[in-house]
Amino acid sequence: MPTSSSSASPTRKIAAIGAVVALVVALVAIGIAVGKAVEGGSDSGTDAPRAAASVSPQEDDGQQKLYDQLAQQTSRRTDGDPLAVGKKDAPVVLVEYADYQCSFCGRFTRETQPELIKKFVDDGTLRIEFRNFTIYGADSERAARASWAAGQQGKFWQMHDELYAKTNKGSALAEDKLVEMARKSGVADLDRFRGDLNGAAAEAALKKDQNEGYGIGVQSTPSFLVNGRPIAGAQPTAVFEQTVRQAAEQAKKAGKADKAGKADGAAEGSGKAEGSGKAEGSGKAEEPAK
């Protein structure tokens, strides 16, 4: 699997070392400890998938708290986000960190994502949020900005799928080639597309995604979080389905517990108020006449 470029600045590397990084390390360690699910491929290849964080049927409260914290830090749930698909309030959010020159990112897009959309996004269970996490340099960054630019005209996912229809590298991601992909993707205003691709807003959006990834210790693509549960690499579709179901069940339990806690709190408050009222009334009734 590809790893982050060695040219990353020392400041960026230092920034990635902290409490949040420790959190991710702990999460990955949990996954490896409870089991590994590795997709076939060359173990020595730079693009080979890593072990996924398997789902443990006996996750304790401490582990779940770590997942919840990481989900809160990374799930944006922004209205009208062109780089997201699924309901804003879906109980499960899958965040993907990917590079358009990454062949295993393309495999996930072609083979697994359509199944997840059909089984979980369409019924309101899952939301998918994409992050441009570029690790292959200028060509990857140009493609990432192009996908963002297409999103400004409502065609992010069409451009995303076009970029991943096959593994495109180097000169295949030159600006003119990207403009042609945008045309095929249905982007209407290609002049605006060029302007957005090269604009400051696209650069800022890309840096935001990159900084988020570096901030939580992402070093390879594709990397995923499913309600905070880490999955590394283009794992078999069954791994993602299992993790989404686990996260949905946990979200359901958490929702029930939250409702029960609020109900108990309301009942307790009502009881105290009622008791106080009765005690005050009784005291007045028994007050001796003067």
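**Helix 5 against helix 9**

I started with who touches whom here, working in a predicted model. On the helix 5 side I noted Glu141, Ala144, Arg145 and Trp148; they meet Ala201, Ala202, Glu203, Ala205, Leu206 and Gln210 of helix 9. Sorted by class, the residues of this contact come out as 6 nonpolar, 1 polar and 3 charged. The one polar entry is Gln210, on the helix 9 side.

Next I looked up the geometry. Helix 5 covers residues 138-151 and helix 9 covers residues 200-215; their axes are 9 Å apart and the packing angle is about 110°. Angles from 65 to 115 degrees count as roughly perpendicular, and helix 5 and helix 9 are therefore put in that class. I also wrote down the hand: the crossing of helix 5 and helix 9 is right-handed.

**Helix 6 against helix 7**

Helix 6 (residues 156-163) packs on helix 7 at about 125°, with the axes 9 Å apart. That makes the pair oblique. Its crossing is right-handed.

For the contact I listed Met159, Glu162 and Leu163 from helix 6, facing Leu178, Met181, Ala182 and Lys184 from helix 7. The class count is 5 nonpolar, no polar and 2 charged. I put names to the charged two: Glu162 in helix 6 and Lys184 in helix 7.

**Helix 7 against helix 8**

I stayed on helix 7 (residues 175-184) and turned to helix 8 (residues 190-197). Their axes come within 10 Å and cross at roughly 130°. That makes helix 7 oblique to helix 8. I have this crossing down as right-handed.

Helix 7 brings Glu175, Asp176, Leu178, Val179, Ala182 and Arg183 to this contact, and helix 8 brings Leu190, Phe193, Arg194 and Leu197. By class I get 6 nonpolar, no polar and 4 charged. Leu178 and Ala182 caught my eye: they are in the contact with helix 8 and also in the one with helix 6.

**Second largest pocket**

How much space lies in the second largest pocket? I have about 250 Å³ for it. Its lining takes in 14 residues, and those nearest the centre are Asp68, Pro91, Asn227, Ala251 and Ala254.

I then asked which helix gives the most to the lining. It is helix 10, with 5 residues. Helix 3 (61-74) and helix 10 (237-286) each supply at least two. Of the residues nearest the centre, I placed Asp68 in helix 3, and Ala251 and Ala254 in helix 10. The lining as a whole splits into 6 nonpolar, 5 polar and 3 charged residues.

**Two backbone checks**

Where does the cis peptide bond sit? I found it from Thr221 to Pro222, with omega near -10°. Pro222 belongs to the loop between helix 9 and strand 4 (223-226), so to speak just past the helix I began with.

My last look was at Arg77. Its phi is near 50°, a positive value in a residue other than glycine. I located Arg77 in the loop between helix 3 and strand 1 (84-85); helix 3 is one of the helices I had already met in the pocket lining.

Notes
Residues numbered from 1 in each chain as written. Predicted model: local features only at pLDDT ≥ 70, side-chain atom pairs only at ≥ 80, totals over all residues. Heavy atoms only, no water. Axes fitted to C-alpha atoms, helices over the stretch in contact; angles between N-to-C directions. Helix = DSSP H or I, 4+ residues; strand = E, 2+ residues; numbered from the N terminus. Parallel < 35°, antiparallel > 145°, perpendicular 65-115°, else oblique. Left-handed = near helix turned anticlockwise from the far one by under 90°. Contact = heavy atoms within 4.5 Å. Nonpolar A, V, L, I, M, F, W, Y, C, P; charged D, E, K, R; others polar. 1 Å grid on protein atoms, 1.4 Å probe; cavity = no way out; pocket = protein on both sides within 12 Å on 5 of 7 lines; lining within 4 Å. Points joined across faces, edges and corners; volume = space filled by probe spheres on them.
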